[in-house]
Structures are given as structure tokens and as C-alpha cells.
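Hi,

Here is the structure I said I would pass on. Have a look at it first, and then read my notes below.

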Amino acid sequence: MQIWTPESFRCAVRALRLIHHASETSGGRSAARNRARGGDPHSQHLEDLAEDLVCDEPARHERLAADARTLGLIAVVDSDHVHIQAYSRGAHARLRALLDDA
Ligand SMILES: [Zn+2]
């Protein structure tokens, strides 16, 4: 499993943004903002490990998601944006458990 830091994640997502002419609509969030957005309580947006992107041409969303997956990221094409996160839900939970035990 690739270990992503907020810095390496941000760098990878920046490259995807540039390639696909995309803008960030949501990145790191406070707990309050995450709740207001209806985010998962364990959302990777809380750890700077998730970003939502919108392409200038929404027809590119699937290609953006495919490129994100090629980099080892998790990408979900939503109705009006692409959510990209560092880890699958299960991998994220295991990683948090490991760090909690450390
Ligand atoms: Zn998101």
C-alpha cells in the first residue's frame, strides 16, 4: 500500500488539476464544515487527504478519475464533481488503528 502524506497527496492532485483543467471545490475541512457538508465523520477531507475537483469540461470527469486511480488514489465521480481521496475506507481505518496503537 502506498503511504500518502497531505503533501504528496496535494502534489498528485495538483498534477491532475493541471492536466485536466480542473479546480478544487473542497479540500481540507474543519470538523464543523465537514458536518455541515454531510461528510462522513471519518472523511479524509478532515486530514487533508481528500479533494473535490470540477473540470472546466465536466465531460472529462471520468478521465480525471481514471488518471487518479492510475496513481493509486481512490476516485468517485459524483453528479457535479470528482471526489479523490488517498485511501480506501478500509485501508484508512486500518491505518488509523495502527497509528492509534503507536
Ligand atoms: Zn469529497
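Let's start with R37, which sits in the loop between α2 (31–36) and β2; helices (H or I, at least four residues) and strands (E, at least two) are DSSP runs, numbered from the N terminus. R37 is exposed, as 12 other C-beta atoms lie within 10 Å. The cut-offs, with C-beta atoms placed from the backbone, are 12 or fewer such atoms within 10 Å for exposed, 20 or more for buried, and partly exposed in between. From R37 to L18 the C-alpha to C-alpha distance is 26 Å, with their positions 19 residues apart in sequence.

A word on the source: this is a predicted model, where local features need pLDDT of at least 70, side-chain atom pairs count only at pLDDT 80 or more, and totals for chains, interfaces and linings use all residues. Residues are numbered from 1 along each chain as its sequence is written.

Now the sheet: it is open, has four strands in the order β1-β2-β4-β3, and pairs them antiparallel (a pair needs at least two DSSP bridges). β1 and β3 are at the edges with a single partner strand each, so one side of each has no neighbour in the sheet. Between β3 and β4 there are four bridges, and V77 is opposite V82 in β4.

Last, helix α3 (residues 61–70). Its buried residues are H61, L64, A65 and A68, while A66 and T70 are exposed on the other side. Just after α3, G72 has a positive phi of about 95°.

Cheers
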